[in-house]
Amino acid sequence: MAHLTVMTPGARSLVQDLGFTGARGQGVPVGGVMDRPGLMLVNALLGNPPGTEALEVALTAPSLRATGSVRIALGGTLRGVVRSADGAERALASWTAT
């Protein structure tokens, strides 16, 4: 089974979705990702349902390790580097999936 392992978390990186709705009357805030349209667009790039959870990065980027075959996408102003098992690196631009 393919998965991502967090090697270093990055400051204020959180797993987010579209948030919980329907309970404001009981004092539960909606919460969720800060950029709702961005989350939906990144999920569309990957072929995921619009509200699929994602890693939201606020201050510094995390370092992740993929085991197996995974797809990732970046949104907002993020840029990343993908390093393969043989050490080769390639840039990953914002609003792209690989």
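## Contacts and overall layout

Take the contacts in the protein chain between residues at least 6 apart in sequence: 54% of them join residues at least 24 apart. Keep in mind that this is a predicted model.

As for secondary structure, the protein chain has one helix and eight strands. Reading from the N terminus, the order is β-β-α-β-β-β-β-β-β. Along the principal axes, the C-alpha atoms of the protein chain fit a box of roughly 55 × 30 × 25 Å.

## Surface and charge

The protein chain has 98 residues, and 14% of them are buried. About 7000 Å² of the protein chain is exposed, with 58% of that area coming from carbon and sulfur atoms.

On the charge side, you get 8 positive and 6 negative side chains in the protein chain. The centres of those two sets sit 2 Å apart.

There's also a nonpolar patch on the surface, about 440 Å² of it, built from L4, V6, V15, L55 and L64. One of these patch residues, V6, belongs to strand β1, which spans residues 3-8.

## A look at Q16

Where does Q16 sit? Q16 is part of strand β2, covering residues 14-16. Is Q16 buried or exposed? Q16 counts as buried because its relative accessible area is 18%, and the cut-off for buried is under 20%.

Which residues does Q16 touch, once those up to four places away in sequence are set aside? The partners are G32, V33, T52, E53, A54 and E56.

How values were computed. Residues numbered from 1 in each chain as written. Predicted model: local features only at pLDDT ≥ 70, side-chain atom pairs only at ≥ 80, totals over all residues. Heavy atoms only, no water. Helix = DSSP H or I, 4+ residues; strand = E, 2+ residues; numbered from the N terminus. Buried < 20%, exposed > 50% of the residue type's maximum accessible area, 1.4 Å probe, protein only. Contact = heavy atoms within 4.5 Å. Areas by Shrake-Rupley, 256 points an atom, 1.4 Å probe, with all protein chains shown as cover. Lys, Arg positive; Asp, Glu negative; His and termini not counted. Charge placed at Lys NZ, Arg CZ, Asp CG, Glu CD. Patch = residues over 30% accessible without salt bridge, like charges linked within 9 Å, V, L, I, M, F, W, Y side chains within 5 Å. Salt bridge = Lys/Arg side-chain N within 4 Å of Asp/Glu carboxyl O.
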